[in-house]
Amino acid sequence: MILVVTNKEDVHPTPVIEYLNERQIPVFRLNTEALLADYQFNWWSNDRGTDFYIRNIKNGLGLHGHEITTVWERRPLAPSQLFVENVPEINKHNLAEARGFISFLSYYLKDVFSIGSVVYDRVSASKMLQLKIAGELGMKTPCTCFSNRKEDILAFADNYEYIVLKSIENDNVWLGDETEYVFYAQKVKSSDLPDKPDEMFSQTVSFVQNYIEKQFELRITVVDTTIFACKIDSQFLDDDKGKIDWRQGYDHGLKHEIFDLPPDIAGFCLRYLERMNLHFGCFDMIVTPRNEYVFLECNPNGQWLWIELETGMKISETIAKVLSDKEFK
């Protein structure tokens with residue numbers, strides 16, 4: 001039995017589950033935000049050992065823990081829905097207990113083969129650790145600084161004409177009028193920084209890197225040992241949208257192509273995931289005008305469905321095959 005741990009809004013599991021259903025491979029989807037609203041469950045320990053049972057009360061499907069052969073941790077959310085509402089203090093307590101349960105259950109399953117990992121994904125999301133490991137594996141990386149001191153940022157930026165300001169983790173914020181503001185990477189002229197007020201630096205953590213000229217960018221999705229490389233022509237758009245952060249160019253004619261990755265770069269990706277104890281990763285790289293490959297980051301549970309739709313690469317099918325291959329071993 002394949003356990004898919006996800007949330008209701010995520011569309012990525014749908015084509016994978018459809019592929020598995022077509023081949024009559026048993027799969028159970030657990031939408032963690034609805035743990036208390038849509039599921040009944042029981043975990044036990046006795047003199048015969050440990051096990052658990054979960055049943056979806058909406059569709060009647062269920063599974064026992066001992067049936068699970070593989071797990072796909074695909075962006076689960078904290079429990080947030082209740083079957084019966086109570087006073088706010090009790091609701092808060094009940095949801096906190098459910099969050100503890102689902103976390104502990106994921107840790108309990110840590111030794112089962114998994115795409116996505118409650119144990120390693122969070123560690124592997126560290127930009128600092130990513131740059132350290134990439135450098136140790138011989139990849140070129142941007143020079144980087146994290147600081148809440150203006151003097152540190154100025155000293156770093158003094159070495160470059162332009163730097164790039166990035167978000168560490170939170171890419172967006174919802175303002176009071178329910179307007180979403182997205183923090184895209186920003187190219188900043190270093191000589192403009194001294195005039196900025198001190199509190200712009202002291203009241204947050206600035207994450208800056210030297211600006212690197214791009215020939216094009218790569219999004220490389222690795223599923224176990226299968227590599228899907230996509231070339232993103234961010235520098236050939238009609239306007240500036242997407243040239244600094246390709247996400248801004250998606251609605252402006254951003255071109256995607258299947259890319260033949262050089263063997264040494266492909267080997268780096270596989271060695272990197274091995275070092276991080278991962279079976280999945282989405283790599284972002286720059287290819288410079290001098291054909292140098294520069295590692296930016298690796299999202300341990302990144303988005304990939306749009307790449308499949310744009311290029312036809314069979315990423316979802318590969319995920320399904322990796323999960324089902326483990327099912328029958």
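This is a chat about the sheets, ring pairs and empty spaces of one predicted model.

Biologist: Before we start, what kind of model is this, and how are residues numbered?

Modeller: It is a predicted model, in which local features need pLDDT of at least 70, side-chain atom pairs count only at pLDDT 80 or more, and totals for chains, interfaces and linings use all residues. Residues are numbered from 1 along each chain as its sequence is written, and side-chain values use heavy atoms, with hydrogens and water left out.

Biologist: What's the strand order in the sheet of five strands?

Modeller: The order is β16-β15-β14-β17-β18, in an open sheet with antiparallel pairing; strands (E, at least two residues) and helices (H or I, at least four) are DSSP runs numbered from the N terminus, and two strands pair if DSSP finds at least two bridges between them. Because β16 (256-258) and β18 (293-299) stand at the edges with a single partner strand each, one side of each is left without a neighbour in the sheet. From one strand to the next, the twist averages 25°.

Biologist: And which helix packs on that sheet?

Modeller: That is α8 (residues 263-275), which touches β14, β15, β17 (280-287) and β18, and whose direction makes about 140° with that of β17. Contact means heavy atoms within 4.5 Å, while axes are lines fitted to C-alpha atoms, for helices over the stretch in contact, with angles from 0 to 180 degrees between N-to-C directions.

Biologist: How many bridges join β14 and β15?

Modeller: Strand β14 (residues 216-223) pairs with strand β15 (residues 226-232) in the antiparallel sense over seven bridges, and L218 has K231 in β15 as its bridge partner.

Biologist: What about the sheet of four strands, what's its order?

Modeller: That open sheet runs β8-β13-β9-β12, with antiparallel pairing. Here β8 (144-147) and β12 are the edge strands with a single partner each, so one side of each has no neighbour in the sheet. Its neighbouring strands are turned by 30° against each other on average, direction ignored. Helix α6 (residues 150-157) packs on this sheet and touches β8, β9 and β13, its direction making about 170° with that of β8.

Biologist: Which residue stands opposite I163?

Modeller: It is V188 in β12, and β9 and β12 pair in the antiparallel sense over four bridges.

Biologist: Changing topic, how many aromatic pairs are there?

Modeller: There are 13, where rings of Phe, Tyr and Trp (its six-membered ring) pair if their centres lie within 6.5 Å, and planes under 30 degrees apart count as stacked, over 60 as edge-to-face and the rest as tilted. The F41 and F101 rings have centres 4.6 Å apart and planes at 25°, so this pair is stacked. It links distant parts of the chain, with F41 in strand β3 (residues 39-46) and F101 in helix α3, 60 residues apart.

Biologist: Last thing, which residues line the largest cavity?

Modeller: The lining consists of L3, V5, L30, E73, I102, L105, S106 and L109. On a 1 Å grid over the protein atoms alone, a cavity is a set of points where a 1.4 Å probe fits but cannot get out, and lining residues have an atom within 4 Å of a point. Helix α3 gives the largest share of this lining, three residues.

Notes. 1 Å grid on protein atoms, 1.4 Å probe; cavity = no way out; pocket = protein on both sides within 12 Å on 5 of 7 lines; lining within 4 Å.
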